[in-house]
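Q: Please take a close look at one part of this model: the sheet in chain A. Walk through how its strands are ordered and joined.

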Amino acid sequence: MTEMLLRAFEVTKRYGAFTALSGVSFDITKGEVVAVVGPNGAGKTTLVNTLSGLFLPDEGDVIFEGRSVKGLGPSALALRGLARSFQLVTVYPSFTVEEMIAVGAFARAGETFRLLKPAGVYRRERDEVREVAAAFGLAHRLTTPCASLSQGEKKLVDIASALTLRPRLILLDEPTSGISSADKDRIMETLLAAAERLGVESLVLVEHDMELIARYATRVVGLKAGSLVADMPPDAFFRDPEVIDTLVGKVPHNALG
Amino acid sequence: MKTTLAFLAVLAAFAAAPFALGPYYTTLIIPILAYAIALIGLNLLFGYGGLLSFGHAMFLAIGAYASAVMGAKLGVRSFEAQLIVAMLASGTVAGLIGLLCLRYTTIFFSMLTLAFGMIFHSFLFKFYDLTGGESGISVPRPSLFGASHAGLSKTAFLVGPFYWYALGLFAVMFLVMALVVASPFGLALKAARDNERKTAFLGVPVFWVRYVAFVLSGIYCAVGGAVLAVSIGAADPELSFWTQSGNMIFIIILGGLGQLFGPVVGAVSFTLLQDALMANTQYWRFALGAILALIIIFAPRGILGLITRALDWRRR
Amino acid sequence: MATVDLLFAALFNAAVLFLVTAGLQLIFGVQRIVNLTAGSLYALGAYFGASVFEWFSAQGGSPALLLPVLILSGLLAGQVGFVIERVLRTVYGRDEAFQLLMTFAFVLMFQDVLRYVWGAQPRLLGDLPSVYGTLAVGGFTFPVYNLLVMLSALVVAGLLYWLIERTSLGHVVRATAENGRMAEALGANTRRINTLVFVLGSMLGTVGGALVIPTTAASLEMPIALIVEAFAVVVIGGLGSIRGAFLGAIIVGVLRALSLTYFPELEVMSIYLVVIVVLVVRPYGLFGKAEA
């Protein structure tokens, strides 16, 4: 029997008179890689923002591990095991890779408010940071300033920093945006392997690249104008020209291959 | 390692100062130590936390008035007791207004801290029974570790026991801050400065991290204010005016924002600069303003930034 | 009777405060810079206006031209905004803390420029408002000069509204305020708009200062003291909102007049207590927008 991790129940989110999400419901169970697709402005990022606790839904509820997490807020939700990344790569320009990844490790260990012990002497967290960095192939980069990394490495550090929270579920908002198409596969492989190694049970990806979806997703959720219009396995999704036409506009010629 | 060496060098320089300079210049150094202590705190908030307060002169004044009221009105001469009351009073006030001010960041935070600073300034004027109104309160000589040093002249007390006391206080406050900045807390504070949203999603309660930094900075300013009041012999309302807050920020920028030694380098250079300018022209404010503008444009990391850059260049 | 006089004094005060804070708001609204120099510009306008009018009188100019001469000299003094903006431009795009501090540097510099040019003694323009006489309405007498200043503030408010809401220039200014980079992409010359807005904002400050000189002495305390009130106005009204400046100026003007009459020591405190209450109830002021 599959275990339900996250449930969006009739989630509605409005900005003034504009309804960004209207009554969106779906479940995410353990072991899934769910791709969220839809045209620009369909509400994909709003969905991620609402599920991750950044926005309070106007109606409906968000249930994580069987309990409502509505109104819990980002940091508490992150500590409970629901992490996320942002569409724009976010690394701290003044930090080294090691420091950047350590922030979440300290938060998870409940040590954010330890004021008088230098961060460098925490052995357990240092090992944790190394393990996470190694999972992302960043072990040789620990002392590099984040600002001098390549775009792809920044992406990986960004996501690695969230995975030190050892989340059960992570929401990734366009993890491969801004990456050259040659590198996308490599980033995606690294990311999925690291997530599995670090105990992530399910992933939600907002993704435009149909080839990546065909290759990695186990389920596709389609949004259009704030409403859920598709929720099906990838092979069914790619065989349904009507759905493809609504959500993507054109059928990628080699996605079915 | 480098930090330890630099810290020892700074301490050695301050320790040598009374022997190398006469009593007059030594009395000038005590305010430097006082400002350095206060600004170490403000640097945590502004430099590491990215929150520009235009009201921290208030906490400087709270420290000064705590010392003055304890000594002059309540007859408590023990400087240790005065310091504890100063820290408690300032921590409490910071704890209350921090709840409100930290709902905002950026310019709105600056404006709100300025508003509270102005209220406090007018409070000092209004409640003259307690605060002495416009003229303030003169501060009687405190006792240090129970010793009253009654046999010493005013200058002998200041350049003797009180100088070493202030230096010791500075050393302790500096070391504590060095630990705070390097701690997981310091990391979280800097992370929130660089990207608030991302940091929240790393499980950091950003509001409370900033709150702790705000209260700590208030406590540091109060300790600096108490030392300052003894060295100038009075607590007066001008200490809390918004331009004073502006000067405090100026000194941090001058020394080097968000760098551990920034406040002490800034306090030394500012005092020397102001002293030299005032000796040579009555228009020293213009010169200070021009220097501030030049620093902002050409050396945003202050004097320390210039030194680091020069060293890097030589190494190359 | 006393109430009417009080209200009249409060509204005169509000009129001057509105002019200065409208300048602050315009600059913040478009450039996101809180201009601490507003107080210095106000003082500059006052000193400059006084000097110009003294010179004008010495040339045999008619005292009846007091108001136009002061307005013109205020507009002229405001051109110093070009210089400030030129320097400020070097920190556009940097952290806003640096922009704020840059204006603080100008406050320090202005302090000595004013002292150098006009000396440390306060400067008074004699009893000039009487040249316009008084107006008697139902048992009350009002100095006509003060009425004219209030009228001027209303005219400025109207002009600003028209400029921002009804002209194509205003359209570009609003677009720049919403999103500078986007406006630039749409072909707006943000550099020129920044200069224009800053100089316009400066002129509002200097005109406000020039208009107040027949009723108050110009002094070196002016810049610092005005900032205290001006900030209360903009925070109450909401940073960046001209309408907010209008309402905020009236609130602060009335509060100030009331407390000066009844609790003189509580002047600043009462104003800032209202500031705090407003911020607790409406975090971004009465007409302000949340940070983007």
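**The sheet of chain A**

A: Strands β4(A) and β5(A) pair antiparallel, through two bridges. Within this pair, Phe64(A) sits opposite Arg67(A) of β5(A). The model is a predicted one.

Step back to the whole sheet. It is open and has four strands, in the order β2-β1-β4-β5 of chain A, with antiparallel pairing. Its edges are β2 and β5 of chain A, and each of these pairs on one side only. β5 covers residues 67–68.

Move inward from β5(A). β4(A) spans residues 59–64. Five bridges link β4(A) to β1(A), again in the antiparallel sense. Here Asp61(A) of β4(A) lies opposite Phe9(A).

Next comes the pair at the other end of the order. β1(A) runs over residues 4–15 and β2(A) over residues 18–29. These two strands are antiparallel and share eight bridges. Tyr15(A) has Phe18(A) of β2(A) as its bridge partner.

The link between β1(A) and β2(A) is a hairpin, with two residues between the strands. One residue in the turn, Gly16(A), has a positive phi of about 60°.

To trace the sheet once more, start at the edge strand β2(A). Eight bridges lead from there to β1(A). Five bridges lead on from β1(A) to β4(A). Two bridges then join β4(A) to β5(A), the other edge strand.

How values were computed
Residues are numbered from 1 along each chain as its sequence is written. Chains are lettered from A and ligands numbered from 1 in the order in which they are written. This is a predicted model: local features need pLDDT of at least 70, side-chain atom pairs count only at pLDDT 80 or more; totals for chains, interfaces and linings use all residues. Two strands pair if DSSP finds at least two bridges between them.
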